[in-house]
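Open the model in your viewer and keep the selection tool at hand. The tour below goes from one selection to the next.

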Amino acid sequence: MSYWLFKSEPDTFGIDDLKARGKKGEPWDGVRNYQARNMLRDDVKKGDLIFFYHSNTKVPGIVGVAEVIKDAFPDPTQFDPEAKYYDPKSSQDNPRWFCPQVRFKSKFKSTISLDELKQIPALQDMALVRKGNRLSVMPVSEDQWHFIMGMVQE
DNA sequence: GCCAACGTTGGC
DNA sequence: GCCAACGTTGGC
């Protein structure tokens, strides 16, 4: 099993939105970056756990945990001319973008802020805390996962 | 809202 | 294949 961190803007789709989807979860669609795509398509697997990260908000940080309930499949929004994430260069025969299905697992009592994470020496290898990083999907090591879970308030 | 960082596009 | 122009991300 692997661990991940997925970013999302709470104004667009936050952890409460995922919670509201209930058991069936939500396709993690709209990712349009090749590095992130490759991870979603090749490495993110059913059963993996995800830190849900809120970006572009007052206090950016990890707000809870989600789980992958289905391996990635072609992202339907790339084929829909009406969709924000429509990609005219993609085709049904040769889809370019993929999304796994994810489901809400838990929400932390308080956000583990980016600011806090940056101050922890054990987490300096995380892409998240490195300057200029814009990846919206990134791997989290088992050690990092457990360390961060240890910061969660009861 | 600003802007640094970085990815993508397209002319050559 | 280079690289300038442009677009997007995301912290602040």
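How many nonpolar, polar and charged residues does the surface near DNA strand B have? It has one nonpolar, one polar and three charged residues. Keep in mind that this is a predicted model.

**Stop 1: DNA strand B**

Select Tyr34, Lys89, Lys131, Gly132 and Arg134, the residues around DNA strand B. Of the atoms of this strand that come within 4 Å of the protein, 67% are accounted for by sugar and phosphate. Two contacts can be picked out here. In the side chain of Lys131, an N or O atom is 2.9 Å from a phosphate oxygen of DNA strand B. In the side chain of Arg134, an N or O atom is 2.4 Å from a base oxygen of DNA strand B.

**Stop 2: DNA strand C**

Keep Arg134 selected, for it is also listed around DNA strand C, along with Lys7, Tyr53, Ser55, Asn56, Pro60, Leu114, Lys118 and Leu135. By class, the surface near DNA strand C has four nonpolar, two polar and three charged residues. Sugar or phosphate makes up 67% of the atoms of DNA strand C within 4 Å of the protein, and bases supply the rest.

Now look at the phosphate oxygens of DNA strand C:

- Tyr53 has a polar side-chain atom 2.6 Å from a phosphate oxygen.
- Asn56 has a polar backbone atom 3.0 Å from a phosphate oxygen.
- Lys118 has a side-chain N or O atom 3.0 Å from a phosphate oxygen.

**Stop 3: the sheet**

Switch to a cartoon view and select the strands. Six of them form an open sheet with mixed pairing, in the order β2-β5-β4-β3-β1-β6. Which strands stand at the edges? They are β2 (26-27) and β6 (137-140); each has a single partner strand, so one side of each is left without a neighbour in the sheet.

Next select β1, residues 3-8, which runs antiparallel to β6 and is joined to β6 by four bridges. Leu5 has Met138 of β6 as its bridge partner.

**Stop 4: helices on the sheet**

Add helix α3, residues 34-43, which packs on the sheet and touches β1, β4 (61-74), β5 (98-113) and β6. The direction of α3 makes about 60 degrees with that of β6. Then add helix α5, residues 142-149, which also packs on the sheet and touches β1, β3 (49-54), β4, β5 and β6. The direction of α5 makes about 60 degrees with that of β3.

**Stop 5: the annotated region**

Finally, select residues 2-151, where an unreviewed UniProt entry places the feature "domain: EVE". Over these residues the chain is 23% helix and 32% strand. The end C-alpha atoms are 20 Å apart.

How values were computed:
Residues numbered from 1 in each chain as written. Chains lettered and ligands numbered in written order. Predicted model: local features only at pLDDT ≥ 70, side-chain atom pairs only at ≥ 80, totals over all residues. Heavy atoms only, no water. Near = heavy atom within 4 Å. Polar contact = N/O pair within 3.5 Å; in protein donor to acceptor, adjacent residues only side chain to side chain. Nonpolar A, V, L, I, M, F, W, Y, C, P; charged D, E, K, R; others polar. UniProt positions renumbered as here; feature names shortened; annotations may be inferred. Helix = DSSP H or I, 4+ residues; strand = E, 2+ residues; numbered from the N terminus. Pairing = 2+ DSSP bridges. Contact = heavy atoms within 4.5 Å. Axes fitted to C-alpha atoms, helices over the stretch in contact; angles between N-to-C directions.
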